[in-house]
Amino acid sequence: MADPRPSHASSGTMRSLAIPAYTTPKNYTINSITMPTLSSPTDVLIRVSAASINPVDTKVAAGSFSFMHTATFPYAIGHDCSGTIVAVGDEVTEFVTGDEVFTMLPVTRGGAASEYAVSDASRLVKKPPSLSHIQAAAIPMATLTSTQALDRGNALLEGGLEGKTIFIPAGLSGTGSAAILLARNVFKVGKIITTVSTNKLPLVAQYLGEGTVDQVIDYQEKDVVKEVGQGVVDLYYDTAATCMAHLGIMKKGGTVVSITSMCRGETMDKLMPAPWLIKKFLDLAYGFNSWRVGRWGCKWDVLLTVLDTADLERITRWTEEGKYMPVVGKTVKLSNGDEVRMGCDAVYQGKGGVGKFVIEID
Ligand SMILES: NC(=O)c1ccc[n+]([C@@H]2O[C@H](COP(=O)([O-])OP(=O)(O)OC[C@H]3O[C@@H](n4cnc5c(N)ncnc54)[C@H](OP(=O)(O)O)[C@@H]3O)[C@@H](O)[C@H]2O)c1
């Protein structure tokens, strides 16, 4: 396929959502930066069609993790992307130019919201024709996270997840919406309880389907513990840092899997090397939270998402089988700076968004 962006490619530059220094979304601009090149024989160059933005992308760009991971500038934002391979390294055998692929780029090599991105071939999954680039770009981090969290719950709960009661706060978030659809259609849970803010109440059935959720609670107006009741929930999948305030809803023998709490030091170390003191601090926080949850007779687990292409392939199969499709709340074009800033800001603030925010690379 002819590259529709030859002028940029031939000049060795590309348009990218890239920042010259740590900053928040209100200051993001679309800049011209050097195109990435294949730096290893197993690399591929992708012409990106769409990228989705996750909270961690905006937090890294704001410098929230600079004590552990120093960005190099200009820093190109984003990790989830879908596009077409335009060049392959000498040792790449499983992909060829023209293949449509999607992936989550590694923490050390972002730049998804750019015209081009480079990835090791081992991190790629082929995009089926049934998924648009926008849908594929919406999948990686949020859906992988929720798949891996539900897998953990399934393994930790006696008898697995089937037929059990699950509480998933933030039902219209990227991770929450993915978890609800997977819990219902793949993991066959018995009852799904969620929370949303007041103005999103009517959107739950619209985006997730009529009857998918059994109980929706307005977390701004209602007392969640009172609404759910004491000792009701088998698995709490904490997507909103709310679990410690809601432990009363847990059944004895239940499990809390959090993606918003401090993980173990060694878990962090696997994602990016962490200084000894930080690992000790993480272990202490993890131990304290584990003790708090343990007092309610429940297990505690904290997940840090890793790219597992086998998981991404399972998710792809579920989309083809009609069991899953990511919720895309808003799509904007990279050339529309104001819309890009606004969408990224909602992700950064953790308020107001619905499903995934996707940037189409026009
Ligand atoms: N550990 C990991 O590996 C991992 C992986 C992915 C994500 N995460 C983390 O998980 C969290 C969620 O990620 P995401 O991608 O799902 O975020 P998101 O799509 O940006 O959604 C966040 C949503 O949370 C809702 N919310 C805020 N406060 C709430 C509360 N008190 N109760 C219920 N809902 C509330 C907001 O909805 P309203 O507008 O209705 O308030 C908002 O739309 C983030 O903190 C992210 O950094 C961790």
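Let's start with threonine 305, which counts as buried, because its relative accessibility is 14% and the cut-off for buried is under 20%. Keep in mind, please, that this is a predicted model. Where does threonine 305 sit? You'll find threonine 305 in the loop between strand E14, residues 299–302, and helix H10, residues 309–320.

Now, what does threonine 305 touch, once we leave aside its neighbours within four places in sequence? The contacts are Met141, Leu144, Thr145, Gln148 and Leu271. Pick out Thr145 from that list, if you would. The side chains of threonine 305 and threonine 145 are joined by a polar contact of 2.6 Å.

Threonine 145 takes us nicely to a pair of helices, since Thr145 is one of the H4 residues that meet H5. Helix H4 covers residues 140–156 and helix H5 covers residues 174–185. Their axes come within 8 Å and cross at roughly 50°, and H4 and H5 are therefore oblique to each other. As for the hand, H4 passes H5 in a right-handed crossing.

Who meets whom here? On the H4 side we have Ala142, Thr143, Thr145, Ser146, Thr147 and Leu150. Across from them, H5 brings Gly174, Thr175, Ala178, Ala179, Leu182 and Ala183. Sorted by class, this contact of H4 with H5 has 6 nonpolar residues, 6 polar ones and no charged residues.

Let's move on to two other loops. Cysteine 263 lies in the loop between strand E13, residues 250–258, and helix H8, residues 265–271. Is cysteine 263 buried or exposed? Cysteine 263 is buried, because its relative accessible area is 3%. Not counting neighbours within four places in sequence, cysteine 263 is in contact with Met268, Leu282, Tyr286, Val302 and Leu304. If you want a distance for orientation, cysteine 263 and threonine 195 are 24 Å apart, C-alpha to C-alpha, with their positions 68 residues apart in sequence.

My last stop is glycine 353, in the loop between helix H11, residues 337–349, and strand E16, residues 356–360. With a relative accessible area of 35%, glycine 353 is partly exposed. Setting aside residues up to four places away in sequence, glycine 353 touches Leu172, Lys200 and Ala346. And how far is glycine 353 from methionine 14? In sequence they are 339 residues apart, and in space 28 Å, again C-alpha to C-alpha.

That's my tour, folks. Thanks for listening!

Key:
Residues are numbered from 1 along each chain as its sequence is written. This is a predicted model: local features need pLDDT of at least 70, side-chain atom pairs count only at pLDDT 80 or more; totals for chains, interfaces and linings use all residues. Side-chain values use heavy atoms; hydrogens and water are left out. Axes are lines fitted to C-alpha atoms, for helices over the stretch in contact, and angles run from 0 to 180 degrees between N-to-C directions. Helices (H or I, at least four residues) and strands (E, at least two) are DSSP runs, numbered from the N terminus. Angles under 35 degrees count as roughly parallel, over 145 as roughly antiparallel, 65 to 115 as roughly perpendicular and the rest as oblique. A crossing is left-handed if the near helix is turned anticlockwise from the far one by less than a right angle, and right-handed if clockwise. Contact means heavy atoms within 4.5 Å. Ala, Val, Leu, Ile, Met, Phe, Trp, Tyr, Cys and Pro count as nonpolar, Asp, Glu, Lys and Arg as charged, and the others, Gly among them, as polar. Buried means under 20% relative accessible area, exposed over 50%, partly exposed in between (1.4 Å probe, protein chains only). A polar contact is a pair of N or O atoms within 3.5 Å; within protein, one must be able to donate a hydrogen and the other to accept it, and residues adjacent in sequence count only if both atoms are side-chain atoms.
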